[in-house]
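The following exercises ask the reader to describe a protein model step by step. Each task is followed by a worked solution.

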Amino acid sequence: RATGAAMPALAADVEAGETIFNANCAACHAGGQNVIMPEKTLEKEALDKYLAGGRNSAAIVTQVTNGKNAMPAFGGRLDDADIENVAAYVMAASEAGWDE
C-alpha cells in the first residue's frame with residue numbers, strides 16, 4: 001500500500017514553505033518585514049504595490065528565483081518545488097497578516 005510520503009506533491013506545501021522560509025528568508029524577512037528596504041515588506045499591500053506582477057505566487061516565484069536589487073537569487077540554491085512552497089507560504093502569511 002502506498003503512503004502519502006511516497007506520492008509526489010501536487011500542490012504547493014505551505015508548511016514546508018514556512019520551514020524553507022525560516023531557513024533562507026527570515027534573516028531579512030522575519031515576520032514579513034524587510035530589513036534592507038523597510039517599505040518593501042511581504043505584507044499584502046506592499047506585495048501588491050512593489051512586486052513585479054503584483055501579489056501572486058508566480059510573481060513571488062520569479063523574484064525568489066531571480067532575485068532583485070539587494071535580494072539574492074535563490075534559483076541556484078533552492079529547487080523549484082521549494083521555491084513554489086515558499087511562495088505558497090508568503091501568499092498564505094500575507095493573507096493572514098503575518099500574525100502567528
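**Exercise 1.** Determine which residues lie nearest the centre of the largest pocket, and how the lining is composed.

*Solution.* The structure is a predicted model. Step one: the lining of the largest pocket consists of 27 residues, and those nearest its centre are His29, Asn34, Leu42, Gln63 and Met71. Step two: sorted by character, the lining holds 19 nonpolar, six polar and two charged residues. Step three: the space in this pocket amounts to about 570 Å³.

**Exercise 2.** State how many helices and strands the protein chain has, and which elements each supply at least two residues of the pocket lining.

*Solution.* Step one: the chain contains five helices and zero strands. Step two: read from the N terminus, the order of elements is α-α-α-α-α. Step three: at least two lining residues of the largest pocket come from each of α1 (14-24), α2 (26-29), α3 (44-50), α4 (57-66) and α5 (80-96).

**Exercise 3.** Classify the ring pair formed by Tyr89 and Trp98, and decide whether these residues are buried or exposed.

*Solution.* Step one: a search of the whole structure yields three aromatic pairs. Step two: the ring centres of Tyr89 and Trp98 are 5.6 Å apart and the ring planes stand at 90°, so the pair is edge-to-face; planes over 60 degrees apart count as edge-to-face. Step three: Tyr89 and Trp98 are both buried. Step four: ring pairs join Phe21, Tyr89 and Trp98 into a cluster.

**Exercise 4.** Find what percentage of the protein chain counts as buried.

*Solution.* The chain has 100 residues, and 32% of them count as buried. Its accessible surface is about 6100 Å², with 54% belonging to carbon and sulfur atoms.

Key: Residues numbered from 1 in each chain as written. Predicted model: local features only at pLDDT ≥ 70, side-chain atom pairs only at ≥ 80, totals over all residues. Heavy atoms only, no water. 1 Å grid on protein atoms, 1.4 Å probe; cavity = no way out; pocket = protein on both sides within 12 Å on 5 of 7 lines; lining within 4 Å. Points joined across faces, edges and corners; volume = space filled by probe spheres on them. Helix = DSSP H or I, 4+ residues; strand = E, 2+ residues; numbered from the N terminus. Nonpolar A, V, L, I, M, F, W, Y, C, P; charged D, E, K, R; others polar. Buried < 20%, exposed > 50% of the residue type's maximum accessible area, 1.4 Å probe, protein only. Areas by Shrake-Rupley, 256 points an atom, 1.4 Å probe, with all protein chains shown as cover. Phe/Tyr/Trp six-rings, centres within 6.5 Å; stacked < 30°, edge-to-face > 60°.
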